[in-house]
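Please look over the sequence and the structure shown here before reading on.

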Amino acid sequence: MAKGRAALFGCGAVVVLALVVLVATAAGSYNRLVGLDEGVDTAWSQVENVYQRRGDLIPNLVETVKGAAAFERDTFTAVTEARARAGQVTLSGAPENAEQLRQFEQAQDQLSSALSRLLVVVERYPELRATEAFRDLQAQLEGTENRISVERMRFNEAAREYNTARRRFPTVIIAPIMGFEQKPYFEAVAGADEPPPVQF
């Protein structure tokens, strides 16, 4: 009888110990994913921050160019409309799926395209390029574009770290149960790997 109780107690202790280990592992995985998820959200905030900076520079750039190129109204309208569309695509936190990220990127790409057209217009006005105000705005815009690239890269790194942790065992079992889904990445625009044609 005493041996039976001891065996039963031993089995019970093993079960309790196994449950404690399981709960501790689940808690550790959950806490790690929470920290990594916050890292992704922080990186996303920086992405939005630099895109916002670009959006804030655009009205000043457009006004500066308007003075020298008043008849290029279609270009100014396209930039203004693209900026408005980009401002309408907002997310609360990092994108949860590839579709949300695609919509955000599409709006920002349209704005980038409109800005490129504006800068092509500027090439026709050497007197505008010579003004200090335009040069300052162009330098700020170039710096912002560089920051956008850096922050997109940092977002991808944070998403990669999160996704890697999410796919590791035993977290891969716990993550879906706890609602931790895979994070999307910024990807290169189709055709970005092709060098642009050079004509002389």
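The paragraphs below treat a helix pair and then a pocket.

This is a predicted model, in which local features need pLDDT of at least 70 and side-chain atom pairs count only at pLDDT 80 or more, while totals for chains, interfaces and linings use all residues. Residues are numbered from 1 along each chain as its sequence is written, and side-chain values use heavy atoms, with hydrogens and water left out.

The axes of α2 and α3 (helices being DSSP runs of H or I with at least four residues, numbered from the N terminus) come within 8 Å and cross at roughly 160 degrees, where axes are lines fitted to C-alpha atoms over the stretch in contact and angles run from 0 to 180 degrees between N-to-C directions. The two helices α2 and α3 are therefore roughly antiparallel, a term for angles over 145 degrees. Residues of α2, among them Phe76, Val79 and Ala82, meet residues of α3 that include Leu111, Leu115 and Leu118, contact meaning heavy atoms within 4.5 Å. By class, this contact of α2 with α3 has 11 nonpolar, 3 polar and 3 charged residues.

The largest pocket (an open set of points on a 1 Å grid where a 1.4 Å probe fits, with protein on both sides within 12 Å along at least five of seven lines, lining residues having an atom within 4 Å of a point) has a volume of about 240 Å³, taken as the space filled by probe spheres set on the points. Its lining draws at least two residues from each of α1 (2-68), α2 (73-88) and α3 (98-123), and α1 gives the most, with 4 residues. Among the lining residues are Glu48, Tyr51, Arg83, Phe104 and Gln108.

Key:
Angles under 35 degrees count as roughly parallel, over 145 as roughly antiparallel, 65 to 115 as roughly perpendicular and the rest as oblique. Ala, Val, Leu, Ile, Met, Phe, Trp, Tyr, Cys and Pro count as nonpolar, Asp, Glu, Lys and Arg as charged, and the others, Gly among them, as polar.
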